[in-house]
Protein chains: 2
Amino acid sequence: MKKLDINFSEPLNCPVRNVLDRIGDKWSLLILLVLEQEDVLRFNEIHQSIGDISQKMLSVSLKNLEADGLVNRKVYPQIPPKVEYKLTDLGKSLIPFVNALSDWSKQHMDTILKNRTAYKKKL
Amino acid sequence: MKKLDINFSEPLNCPVRNVLDRIGDKWSLLILLVLEQEDVLRFNEIHQSIGDISQKMLSVSLKNLEADGLVNRKVYPQIPPKVEYKLTDLGKSLIPFVNALSDWSKQHMDTILKNRTAYKKKL
DNA sequence: CAGTATCCTACTGGATACTG
DNA sequence: CAGTATCCAGTAGGATACTG
């Protein structure tokens, strides 16, 4: 058997797994991109920007992003409460790669969709 | 409310969603990276390279990648059967972005893990 | 060798209702 | 306003056994 340089099967050791576990969920990347476009947003602003995300998932995703240090959460102690979210520098540093991926997808989306259709017909 | 350039909530219209749905699963990217390192691999070689993937998930993931046109599947009609997998040009074109993401992750993994620990303590 | 088929669990994420 | 709490359904994915 061929020996690989990277041991992909060791999740803790594997950068791909590490980045994907955070990024590969349904909403995190979307939230990062929304925050990048608007700089600072409140909870409900993100909620409405994304549209079809539930309050629960927005809350969970924001917590995860905050825990990883990708998003900053600033609470204004007032009533009614006001909370602002923005990207940290670490979060910002990830954006170019996400955009690169998004561009690749834009470029090849048509091809991929055609491939899928053709593949189904072959079956 | 602020108006966003991209409508993220339209999955079919959203390149981020499109690329993520294929990429964000547990194994697809790993398979692409393994194939990139080894050029051509048979089913069981991929299986053993990744280590902890089940036969089922390898089969499913390979089918998806093949359907999208990212991986080529070549069958040698002989007994016992022999099937070779390799990246298509489309598949290869995705690799640099995956590697970029992987590099970012390598660079910041320690920071992120520390952030997570610190965040937990705050709770 | 290269998969399928079947069963099963655990987690993701949605809907709804409630709260400081 | 900015969330929690609770319940629930669908699915991703693992274990095992089997097949051409």
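## Salt bridges between the chains

Two salt bridges are counted between chain B and chain A. The model is a predicted one. One of the contacts between charged side chains pairs A:R116 with B:D68, at 2.6 Å from N to O. This pair crosses between chains, running from helix α5 of chain A, which holds A:R116, to helix α4 of chain B, which holds B:D68.

The two partners can also be described by their accessibility. A:R116 is partly exposed, with a relative accessible area of 24%. B:D68, by contrast, counts as buried, because its relative accessibility is 1% and the cut-off for buried is under 20%.

## The interface

The size of an interface is often given as the accessible area lost when the parts come together. For chain B and chain A, the area buried between them is about 5,500 Å². Carbon and sulfur atoms account for 66% of that buried area. The contact draws 59 residues from chain A and 59 residues from chain B.

Polar contacts between chain B and chain A come to 10 residue pairs, both residues being at pLDDT 80 or more. On the side of chain B that touches chain A, the elements giving two or more residues are α1 (15–23), α2 (28–38), β1 (40–42), α3 (43–50), α4 (55–68) and α5 (89–122) of chain B. Of these, α5(B) gives the most, with 19 residues. By residue class, this side of chain B divides into 30 nonpolar, 13 polar and 16 charged residues.

## Salt bridges within the chains

Over all chains, the count comes to eight salt bridges. One of them lies within chain A, where the side chains of A:K106 and A:D103 meet at 3.7 Å, N to O. Both residues belong to helix α5 (residues 89–122) of chain A; because they are three residues apart there, about one helical turn separates them. A:K106 is partly exposed, with a relative accessible area of 47%, and A:D103 is partly exposed as well, with a value of 41%.

Chain B has a salt bridge between the side chains of B:K106 and B:D103, at 3.7 Å from N to O. B:K106 and B:D103 lie in helix α5 of chain B, three residues apart, which is about one turn of the helix. The relative accessible area of B:K106 is 46%, so that residue is partly exposed. B:D103 is also partly exposed, with a relative accessible area of 41%. Salt bridges with shared partners further join A:R22, A:D68 and B:R116 into one network.

## Architecture of chain A

Chain A contains five helices and three strands. Along the sequence, these elements follow the pattern α-α-β-α-α-β-β-α. Chain A has 123 residues, of which 45% count as buried.

Among contacts in chain A between residues at least 6 apart in sequence, 45% join residues at least 24 apart. The area exposed by chain A is about 6,800 Å², and carbon and sulfur atoms supply 51% of it.

Notes
Residues numbered from 1 in each chain as written. Chains lettered and ligands numbered in written order. Predicted model: local features only at pLDDT ≥ 70, side-chain atom pairs only at ≥ 80, totals over all residues. Heavy atoms only, no water. Helix = DSSP H or I, 4+ residues; strand = E, 2+ residues; numbered from the N terminus. Buried < 20%, exposed > 50% of the residue type's maximum accessible area, 1.4 Å probe, protein only. Contact = heavy atoms within 4.5 Å. Areas by Shrake-Rupley, 256 points an atom, 1.4 Å probe, with all protein chains shown as cover. Buried area = accessible area lost by both parts, 1.4 Å probe. Salt bridge = Lys/Arg side-chain N within 4 Å of Asp/Glu carboxyl O. Polar contact = N/O pair within 3.5 Å; in protein donor to acceptor, adjacent residues only side chain to side chain. Nonpolar A, V, L, I, M, F, W, Y, C, P; charged D, E, K, R; others polar.
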